Amino acid sequence: MRVLFAGTPDVAVPALRYIAQHHDVAGVLTRPDARGKRGRTLYPSPVAEVAEELQLPLHKTTKLTTPQAQAFIAEAQADVAAVVAYGALIPAELLEALPSGWVNLHFSLLPAYRGAAPVQRMIAAGERDFGVSVFRIDTGLDTGALVDQRRIELPARVTSGQALEILARESAPYFAQTLAAYVAGQCTLQAQPTTGASYAQRLTPPEGEVNFDQPLAQVDAHIRAFTPSPGAWTTAGDQRLKILAAHPHHSDRNMAVGQVDLDDDTVVVGCSDGLLALSEVAPAGKKPMAAHAWWRGYRGPRQLGTSA
């Protein structure tokens, strides 16, 4: 089976590696080099790095309508395109350009959580029904006919980063095997259900602000959903404080919403129905540090959040 692979971030790497081990990857599409979080240096995508490591034909583009991109796709002579978080739309005129079309690995059980951030939105909503879907791409947003789906159990209280890492690793062999069965004509496409659809928009930095005037479980889920990116944060005085790791703290002590203090040598914050323990934080302009280290040097108000 000749495969054209399209993907960009870390979560696409396990699928690329597995497919390359078991099939003929005729070409790799990825987004162009991008700047790091700081500075002007351009860095290749994780998929680009692996493609170069494996010496696979590589084309970097955000637009598949250019003559160069279309020539690259045609020259690959692939049976099917495998897509994992490529980050760009597949033009309608290219959807039928390959014998078996373009097939996507999506990190939710469609039609729930279509869109760019399914895992993050699921964690924020307190969902536990994780899984992946393999579907043939059409002109809609994650609306194509399903090839197959699989539930994948995750540990409790995972962050988005941890969940995506597990889902990407666990689904790579499944995606490659499902893709091969589909190309061989061994799968029957099924239209997605007409009910139960939802959309998972990309998380934005302003959304990362923590509202302590919510139940503890909801605050905990919010922080894990925004970890590691784009990050959960609050304000300590007039400074932003990133919350990198936290967990529910079991105590009989009552604290006001947003109040921060020590409880049994643990830095805790009051929520509407319990206490949240801070494990790791990053004050504005400083490197990550243990919450204890931050607390020892903190001289601001004993209240976190916009009401401080």
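How many of the 308 residues of the chain, as a percentage, count as buried? I looked this up first. The share is 47%. Buried means under 20% relative accessible area, exposed means over 50%, and partly exposed lies in between, with a 1.4 Å probe and protein chains only.

**Ground rules**

I noted that this is a predicted model, where local features need pLDDT of at least 70 and side-chain atom pairs count only at pLDDT 80 or more, while totals for chains, interfaces and linings use all residues. Residues are numbered from 1 along each chain as its sequence is written, and side-chain values use heavy atoms, with hydrogens and water left out.

**The whole chain**

I looked up the overall span. The C-alpha trace extends about 65 × 45 × 30 Å along its principal axes. I then looked up the secondary structure and found 7 helices and 15 strands. These are DSSP runs numbered from the N terminus: helices are H or I with at least four residues, strands are E with at least two.

Next came contacts, meaning heavy atoms within 4.5 Å. I took those between residues at least 6 apart in sequence; 63% of them join residues at least 24 apart.

The accessible surface is about 15200 Å², and 48% of this belongs to carbon and sulfur atoms. The areas come from the Shrake-Rupley method with a 1.4 Å probe; for residues, only the protein chains shown count as cover.

I looked up charges too. The chain carries 27 positive and 30 negative side chains. The centres of the two sets lie 7 Å apart. Lys and Arg count as positive, Asp and Glu as negative, and His and the chain ends are not counted. Each charge is placed at NZ of Lys, CZ of Arg, CG of Asp or CD of Glu.

**Cysteines**

I checked for disulfides, which are pairs of cysteine sulfur atoms within 2.5 Å. The count is 0. I looked at two cysteines anyway. Cysteine 187 is partly exposed because its relative accessibility is 24%. Cysteine 271 is buried, at 3%.

**Aromatic rings**

I turned to ring pairs. Rings of Phe, Tyr and Trp (its six-membered ring) pair if their centres lie within 6.5 Å; planes under 30 degrees apart count as stacked, over 60 as edge-to-face and the rest as tilted. The chain has 3 aromatic pairs. One of them joins tryptophan 294 and tryptophan 295, and this pair is tilted, at 6.0 Å centre to centre with 55° between the planes. Tryptophan 295 also pairs with tyrosine 298 in a tilted arrangement, at 6.3 Å and 35°. Trp294, Trp295 and Tyr298 are thus linked into a cluster by ring pairs.

Are these three residues buried or exposed? Tryptophan 294 is buried at 7%. Tryptophan 295 is buried at 12%. Tyrosine 298 is buried at 8%.

**Asparagine 104**

I found asparagine 104 in strand S7, residues 102-106. Asparagine 104 is buried because its relative accessible area is 10%. Leaving out residues up to four places away in sequence, its contacts include Val83, Ser133, Phe135 and Phe175.

**Proline 14**

Which helix holds proline 14? It is H1, residues 13-22. Proline 14 is partly exposed, at 24%. Its C-alpha atom lies 5.7 Å from that of alanine 172, although the two are 158 residues apart along the chain. Beyond four places in sequence, proline 14 touches Ala168, Arg169 and Ala172.

**Arginine 224 and arginine 157**

Arginine 224 sits in helix H6, residues 216-225. Arginine 224 is buried, at 13%. Among the residues it touches beyond four places in sequence are Ile123 and Arg157.

I followed that contact to arginine 157, in the loop between S9 and helix H5 (160-183). Its phi is near 60°, a positive value in a residue other than glycine. Arginine 157 is partly exposed, at 35%.

**Other backbone notes**

Aspartate 142 also has a positive phi, near 55°. I placed aspartate 142 in the loop between strands S8 (131-136) and S9 (146-151). Aspartate 142 is buried, at 13%.

Where did I find cis peptide bonds? One joins leucine 110 and proline 111, with omega about 15°. Proline 111 lies in the loop between S7 and helix H4 (118-124). Another runs from serine 229 to proline 230, with omega near 0°. Proline 230 is in the loop between H6 and strand S10 (232-236).
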